[in-house]
Every structure is written in C-alpha cells, then in structure tokens.
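Q: I have a structure open and would like to learn how to read its features one at a time. Could you walk me through it?

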Amino acid sequence: MSATETAIQSKPSRQYSAADVELVDDCLNNVEQEQIYQFLQGPGWGYGARSHAGNDASRYWFKHFAGFWDVPTAGLDRHTQAERELSRYPLIDAMWQKVRGRSRLLRCYANGYPTGAEGGVHRDSIGADHYTLLYYPHMQWHSDWAGETLFFNELGDDVLCAVYPKPNRLVSFPGEIPHVARGISHMCPLLRITLMFKVSLVN
C-alpha cells in the first residue's frame, strides 16, 4: 500500500454520496485511447502492488510514472517534481494536460489486475482537496468480466455506487471515499488496466 493510501478506519473531512463520483465517458478520441492502451500494455510493469496492508492482500501489477510522498528534489515542490517526471512519458503527459482542469499532479501510475486478483477497500488520501482521476483505457470490456470499482460510505458497510469499467471512461472522485477494485472474472482474457492521476485541487 502506498503512503497516499489509508485504511478505511481513517476519518474523512466530510460525508460523501454517489453524487461525488463523477463520470466522463468518451474521455479521449479513438486514436488517443488506442495509443494510451497500447503504451500501457508495453514493458515496464512490476509485480507486488497491493491496496491494503494485510498479509492476505491480493497482489497485482503496477507501473509507476511520476510522484511520491517522500521529500522532493531540492528546490522543487512535489507538484512540480511530479509534473517534470511525467513529461518523460509524452502520451501520458498529453492526457494529463487534457484532463487536469484546475489541479496539480501528486502521483501518476497504472495498475494491472490479472484474473482472480482483487483489491481491498481503502482511501487514497485524507484531505478534502485531494482527488483521484481513474481512467479505463481498454478498447473493449464485457459485463461478464467483472472488475467494477465500488465506492462505499464512511463506515464501509454499504455501497454508494458501482462504476463499470467502461472503455474510455474517466472517473473523478475525492480520495477520501472508501473504494475497491473488485476481482476479475476467470472469463476475462485481458489484464484489467487502470491509469490513475492523484491530484490536489488549486483554488
């Protein structure tokens, strides 16, 4: 679990509802989407990421592009450092410039869930100004393949909403909302890939 991800027991700054989870379909044009998807399928994956700290946590693939929570390079704030690091990946950086709105980058990475892998319910951050932009880059997805992202209430005992991993869909949500990537069906022939931008809003 990364330092930006916190346990479900942590107290958020306010209560959230399904209305706080925003969807943008057809986020990229067809050429951009295919380029991003092909790039993400390429080399550079590591194995062993997990979404909670328990010994029973399911492991999955990850690909880091930019940003950490440790001390930035001398003379740079963490936003500037993350954005400079992301500039080494022109396709991902171009997407970031398209979706960033009024936000600054904290971290960018991709997750890859193979068949049978599943996440644990967690928060990405604690802080009302921290958001996650989650993108589903696949060219196709089938409802029998599962892999939905579920969002929970503060106590984690009821579902606020479920988001289908629809190809070319961008999901924006406060990092304080507990959420989880559900397991991938054995019927799925693909690696479930998601691309994340962890951001801080600029007033």
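Q: Let me start with one residue: is Asp 26 buried or exposed?
A: A good place to begin, and please keep in mind throughout that this is a predicted model. Asp 26 is exposed, because its relative accessible area is 62% and the cut-off for exposed is over 50%. Asp 26 is found in the loop between β1 (22-24) and α1 (30-40).

Q: What is notable about the phi of Asp 26?
A: The general idea first: most residues other than glycine have a negative phi. Asp 26 is not a glycine, yet its phi is positive, at about 55°. Ala 146 also has a positive phi, near 65°, and is likewise a residue other than glycine. You will find Ala 146 in the loop between β5 (130-136) and β6 (149-152).

Q: Now to the interior. Which residues touch the most other members of the largest nonpolar core?
A: To read a core, look for buried nonpolar residues joined through their side-chain atoms. The largest one here has 23 residues, and those touching the most other members are Leu 86, Ile 92, Met 95, Cys 108, Leu 195 and Phe 197.

Q: Which elements each supply at least two residues of this core?
A: Both helices and strands do: α1, α2 (78-86) and α3 (90-99) on the helix side, with β3 (60-66), β4 (103-113), β5 and β10 (192-201) among the strands. Apart from this core lies another, of 12 residues, including Tyr 109, Tyr 136, Val 163 and Phe 173.

Q: Which residues does Leu 195 touch, not counting those up to four places away in sequence?
A: Setting those sequence neighbours aside shows what the fold brings to a residue. For Leu 195, the list is Leu 40, Phe 65, Ile 92, Met 95, Cys 108, Tyr 109, Ala 110, Leu 133, Leu 134 and Tyr 135.

Q: Let us turn to charged pairs. How many salt bridges does the structure hold?
A: In a salt bridge, a side-chain nitrogen of Lys or Arg lies within 4 Å of a carboxyl oxygen of Asp or Glu. The structure holds seven of them. One joins the side chains of Arg 14 and Asp 20, at 3.2 Å from N to O. Its two partners sit in contrasting settings: Arg 14 is partly exposed at 38% relative accessible area, whereas Asp 20 is buried at 17%.

Q: How far apart are the closest N and O atoms of Arg 169 and Asp 25?
A: They are 2.6 Å apart, and the two residues form a salt bridge. This pair links distant parts of the chain, with Arg 169 in strand β8 (residues 169-174) and Asp 25 in the loop between β1 and α1, 144 residues apart. Arg 169 counts as buried because its relative accessibility is 10%, while Asp 25, at 31%, counts as partly exposed.

Q: Which parts of the chain does the pair of Lys 198 and Asp 124 tie together?
A: Lys 198 lies in strand β10 and Asp 124 in the loop between β4 and β5, so the salt bridge ties together parts that are 74 residues apart in sequence. The closest N and O atoms of this pair are 3.8 Å apart, and both Lys 198 and Asp 124 are buried. Salt bridges can also share partners, and in that way Asp 25, Lys 166 and Arg 169 are joined into one network.

Q: On to sheets. In what order do the three strands of the open sheet run?
A: To read a sheet, follow the pairing from one strand to the next. Here the order is β7-β6-β9, with antiparallel pairing. The edge strands, β7 (159-163) and β9 (179-181), each pair on one side only. From one strand to the next, the twist averages 15°.

Q: How many bridges join β6 to β7?
A: Four, between strands that run antiparallel. For an example to find on screen, Thr 149 has Val 163 in β7 as its bridge partner.

Q: How many disulfides does the structure hold?
A: A disulfide is a covalent bond between the sulfur atoms of two cysteines. This structure holds zero. Cys 108 is buried at 0% relative accessibility, and Cys 161 also counts as buried, at 16%.

Q: Finally, where is Val 202?
A: Val 202 is in the segment after β10 and is partly exposed, at 36% relative accessibility. Leaving aside neighbours within four places in sequence, Val 202 is in contact with Arg 102, Ser 103 and Arg 104. The C-alpha atoms of Val 202 and His 130 are separated by 9.9 Å, although these residues are 72 apart along the chain.

How values were computed: Residues numbered from 1 in each chain as written. Predicted model: local features only at pLDDT ≥ 70, side-chain atom pairs only at ≥ 80, totals over all residues. Heavy atoms only, no water. Buried < 20%, exposed > 50% of the residue type's maximum accessible area, 1.4 Å probe, protein only. Core = buried A, V, L, I, M, F, W, Y, C linked by side-chain atoms within 4.5 Å. Contact = heavy atoms within 4.5 Å. Pairing = 2+ DSSP bridges. Axes fitted to C-alpha atoms, helices over the stretch in contact; angles between N-to-C directions. Disulfide = S-S within 2.5 Å.
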